[in-house]
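Hi,

Here is the structure I said I would pass on. Have a look at it first, and my notes follow underneath.

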Amino acid sequence: MKYGSAGERSKSFRRRGGLGLLAAAVVLGTATAARNQEVLRPIPDSACRPAASAGASGPASRLGLPAPDFNGDGHPDLALDVPADNGDVSETGRITLVYGSEQGPQAKHRTEFTPKDFRLPEEDMMTGDLYVPTVADLDDDGHPDLVAGASAHVQWGGPDGPDPGNRPARVRLPQVGKGHTALDTNGNGSYTDPPAAGDFDGDGHTDLATYRTGLEERRLVVLHGPFSRTGEPARTSERADPDPRGTGRVVGLQLIAAEVTGDRATDLLVHEPGGTGAPLLLAGGADTATGLRKEPEKLPEGEDIAVGDFDGDHRSDIAVGNSGIPADEELEPADRKGRVTIRYGKAPNAPVVIEGGTRKGGFGIGLMAADLNGDGCDDLAVQRAGDRWGSDDRVDVLRGGSSPGLGSQPWKHLHRSRPAPDPDPYDPQHWAGQPVGAADLVGDDREELVLATAYQENLAKDWWIIDGAGKDVASFDAADLAR
């Protein structure tokens, strides 16, 4: 369903966790950690290069995928996971494309996709645990496509963008067992989350990576592009699960595609959202069937990941948040400040730890890299919250370009919050929103943050787009996208 009306721009779009949002960690002593919490002096201006003017190619240090321009009007667009109308829990949500303009995304100009438009099975979720759908050019026609569900159904892009009236295709996933579908859990394995997209083998074509999970083992599956319009990949490869913890210990793993190692091939990050284990890095471009290095690198422990160039040296740096807030609400938060560990590309074996907020304050529960002031060095938006429901959360911004890259003191507190619906007068709650994406959405050579706020009680949802000063660029909620 399309609403409203429908220049190529080389901007980046990052999404929560990786793009859109690592090597053997060194445990830092108390003295080192304390030193990292001092106010750090800026590094020379030459390290940061302002972004290129609108319409030109950005500097080599820019990370992330090109911001999706679904309808080809030269303005970046947003792809959002939207709750079903009227709180209908029988529907697994919708994907809404909100089209951009010179003033930013406009809710009245949008296209909506329901599970029926993708022909998803009833038990399949549109975006899984992600906040945005998978966007990739799978067939090499120059137009971004939409991939929904663990069963990987595709709505193909075109000059005017994907159209819910078109017939979708289903990506040909390896069989999980004779007589079983991709979502069966009868002992032969299942696909439980939408795939991650990237050029993992470095051949210039977009691939899809996904997990096939059984009762006793888990396999990593890579479908190599380009894909035909019937969903057939050029080839398919599999490998043993790179996570040594096995299916019995970690079941909610997430795959994140990001360029980390600087060789043009996409790398794959494996982590447990909300968990406290160590994420893994599988470097791409390897001489293996999947294109991914056989042995993973273990990263610092944490629950969220962001990738950016924080020191302006044109190398990817990785931030890992470790808030100390347990996923189980029955457990107490760790009696310490939250922390973010930075693995700089120039010194991968000497990670820097930054602590922030208050004890049990949840600093680092969410991360997003973005160049908010346009100086060519990425900044880091850090969410802090005392629980995982998002109540009373805040967002701090650490400035990029400080020494050694990110300053340890917040450069900016983004005071953007609103009361919860029907708040308890004895327990008022406010939400600032989780950083779920970043892009230059208004063409001013500075990236804006996309914040999402969800209310569990009535499935309502808000989105705010704010600049580095905390000023609203645009905002809309589920009601705006339902009219």
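Which backbone oxygen does the side chain of His-271 reach? That of Glu-303, at 3.5 Å. Bear in mind throughout that this is a predicted model.

A bit more on that histidine: His-271 sits in strand β16, which covers residues 267-271. His-271 counts as buried because its relative accessibility is 2%, and the cut-off for buried is under 20%. His-271 is also 34 residues away from Ile-305 in sequence, yet the C-alpha to C-alpha distance between the two is 8.5 Å.

Next, have a look at Asp-77. You'll find it in the loop that runs between β3 (65-66) and β4 (78-82). With a relative accessible area of 1%, Asp-77 is buried too. Its side chain reaches the backbone nitrogen of Gly-100 at 2.7 Å. Gly-100 also turns up among the contacts of Asp-77 beyond four places in sequence, along with Val-98 and Tyr-99. The others on that list are Pro-68, Asp-69, Phe-70 and Asn-71.

Then there's the nonpolar side of things. The largest nonpolar core has 16 residues, and those touching the most other members are Leu-138, Val-154, Trp-156, Val-171, Leu-208, Leu-223 and Phe-227. Val-171 is a handy one to click on: setting aside residues up to four places away in sequence, Val-171 touches Val-154, Leu-208, Leu-223 and Phe-227. It also touches Ser-151, Ala-152 and Gly-231. As background, nonpolar side chains tend to be buried together in soluble globular proteins.

Cheers

Technical notes. Residues numbered from 1 in each chain as written. Predicted model: local features only at pLDDT ≥ 70, side-chain atom pairs only at ≥ 80, totals over all residues. Heavy atoms only, no water. Core = buried A, V, L, I, M, F, W, Y, C linked by side-chain atoms within 4.5 Å. Buried < 20%, exposed > 50% of the residue type's maximum accessible area, 1.4 Å probe, protein only. Contact = heavy atoms within 4.5 Å. Helix = DSSP H or I, 4+ residues; strand = E, 2+ residues; numbered from the N terminus. Polar contact = N/O pair within 3.5 Å; in protein donor to acceptor, adjacent residues only side chain to side chain.
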